[in-house]
Amino acid sequence: MPRLAHFRAKHDASPLSEATTPILHVDMDAFFVSVELLERPELRGKPVVVGGQPNRRGVVSAASYEARRYGIHSAMPLRTAGRLCPHAVFLEGRHGLYAAWSDRIARILSCYSPVVEMASIDEAYLDLSGTERLFGPPLAAAHALLTEIHDKTSLPVSAGLARSRLVAKVASDQAKPRGFLWIPAGAEAAFLAPLDVRRIPGIGKVTEAALLKLGIERVGQLIEMPQERLEEHFGRWGQALARKSRGEDSYEFFVDAEPKSISHSHTFGEDTRDVALLEAMVSGLCEKAGKRLRESGLDASTVTLRIRYSNFQTLTRAKALAEPSHLDPLFLTVLRELFSRHLDRRRAVRLIGVELSGFSHGGQMDLIEAARRQKQEKVAQAADKLRDRFGFDKVRLGGSLRTDD
């Protein structure tokens, strides 16, 4: 695999008017389904759902555009999808196959820019500055790139080109399926203004409902709202909303062989006080972070729990380990301690997150005996291999599973 980029937040984000970097957001259309259709072309034009069978617990991983017409979408319970479209074709996920295709796409992307950030298995950001000598201006480079992806993989892809990550991502979303949308410098406000606020990355159902109470439905209405009033209602999140409405983001590319931290978070569709659900989510997020840590060949010495309540107040608590580790059980012990000690059970939770940091290589663990450590190593390695083959959600620890339907 080529050496890819990461991104990090900037504390002194510049106005959009000062941005000059052409950023291309590439997003594969219905990626898991599209990969399956390469092997099963007879399913083209039919509603197809990837994730499992409709009579089992689990959620939709991907849905074809034909299935989406029935209201089916990612993260929807499979049983709900089965009720919405009983005649849909339901397929088990083959995440090892999808990862292999993702690697092929990443190699193509890396030929067009030295700075490529794979934001997920099916989407990426590219910095196209400085590539004119090889591929011409950014618009021509983007067209050549999308053509090559189609010619070499036969997979459908959409893209957005703009001078901020946020606008590029919104543009690619608006271009779907199989489209390409370029937002020239200075046209960002006109492009964003008529869109629903939910089109802005980071604005979910809860924020949308709060904005609707203020009479804000479109991005154009959001940009007209004084930032001071947004801060009155949303606190520091109000600053971010004002910035997002202008198409600005506070991220920059950087190339680094090792991450400074690994984190995963989950925003609930509805705020919740369900302690069992929250505990299960903490466990699942810990497993995801732990797997990425082991893939990087690193140990972590600090574990952080983040809880955001319905009023957007965020509580962050961290604890240093006595010795660095890369094993989930130790991380989970610390996270459960932090969770039990600091969760305000009277308040509804909007978001919960887990972060591992303080990295080192090959730290020794004196906290547990060698035999027990070796057993946990084998369990972690076996679980990671199964997740790579069958998908992360197919192999979970007991604590990350709900016992109810």
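**Surface and overall make-up**

I began with the accessible surface and found that the protein exposes about 20100 Å², of which carbon and sulfur atoms supply 50%. I keep in mind throughout that this is a predicted model. Of the 405 residues in the protein, buried residues make up 46%. I then looked up the secondary structure, which comes to 15 helices and 14 strands. For contacts with a separation of 6 or more, I noted that 67% are between residues 24 or more positions apart.

**A nonpolar patch**

Still on the surface, I looked for nonpolar side chains and noted a patch of about 270 Å² made by Leu139, Phe180 and Trp182. Trp182 has its place in strand 9, which covers residues 180–182, and with a relative accessible area of 44% Trp182 is partly exposed.

**Helix 1**

I next asked how many residues of helix 1 are buried. The count is 7 of the 9, so helix 1 is largely enclosed by the rest of the structure. I listed the buried residues as Phe31, Phe32, Val33, Ser34, Val35, Glu36 and Leu37, and I note that a glutamate, Glu36, is among them. These buried residues pack against strand 2 (23–28), strand 3 (48–50), strand 4 (62–63), strand 5 (89–91) and helix 4.

I then took up the packing of helix 1 (residues 31–39) on helix 4 (residues 95–110), where the angle is about 100° and the axes are 10 Å apart. That angle makes helix 1 roughly perpendicular to helix 4. On the helix 1 side the contact is made by Phe31, Phe32, Val35, Glu36, Leu38 and Glu39, while helix 4 brings in His95, Leu97, Tyr98, Trp101, Ser102 and Ile105. As background to reading such lists, I recall that an α-helix has 3.6 residues a turn, so residues three or four places apart point the same way.

**Salt bridges**

I found 18 salt bridges in the structure, and I followed up several of them. Glu39 forms one with Arg94, with the closest N and O atoms 2.9 Å apart. This pair links distant parts of the chain, since Glu39 is in helix 1 and Arg94 is in the loop between strand 5 and helix 4, 55 residues apart. Glu39 counts as partly exposed at 48% relative accessibility, and Arg94 is likewise partly exposed, with a relative accessible area of 33%.

A salt bridge also joins the side chains of Glu92 and Arg56, at 2.6 Å from N to O. Glu92 lies in the loop between strand 5 and helix 4 and Arg56 in the loop between strand 3 and strand 4, so the pair ties together parts that are 36 residues apart in sequence. I checked exposure here as well: Glu92 is partly exposed at 31% relative accessibility, and Arg56 is partly exposed at 36%.

For Asp344 and Arg346, whose salt bridge has its closest N and O atoms 3.1 Å apart, I asked whether each partner is buried or exposed. Asp344 counts as buried at 17% relative accessibility, whereas Arg346 counts as exposed at 69%. I also recorded a network of salt bridges that links Asp27, Asp29 and Lys176.

**Thr304**

Last, I looked up Thr304, which is found in strand 12 (residues 299–309). With a relative accessible area of 6%, Thr304 is buried, as the cut-off for buried is under 20%. Leaving aside neighbours within four places in sequence, I found Thr304 in contact with Thr316, Arg317, Ala318, Leu335, Gly353, Val354 and Glu355.

Note on methods:
Residues are numbered from 1 along each chain as its sequence is written. This is a predicted model: local features need pLDDT of at least 70, side-chain atom pairs count only at pLDDT 80 or more; totals for chains, interfaces and linings use all residues. Side-chain values use heavy atoms; hydrogens and water are left out. Helices (H or I, at least four residues) and strands (E, at least two) are DSSP runs, numbered from the N terminus. Buried means under 20% relative accessible area, exposed over 50%, partly exposed in between (1.4 Å probe, protein chains only). Contact means heavy atoms within 4.5 Å. Patches are made of residues with over 30% relative accessible area and no salt bridge: like charges are joined within 9 Å, nonpolar side chains (Val, Leu, Ile, Met, Phe, Trp, Tyr) within 5 Å. Accessible areas come from the Shrake-Rupley method with a 1.4 Å probe; for residues, only the protein chains shown count as cover. A salt bridge is a side-chain nitrogen of Lys or Arg within 4 Å of a carboxyl oxygen of Asp or Glu. Axes are lines fitted to C-alpha atoms, for helices over the stretch in contact, and angles run from 0 to 180 degrees between N-to-C directions. Angles under 35 degrees count as roughly parallel, over 145 as roughly antiparallel, 65 to 115 as roughly perpendicular and the rest as oblique.
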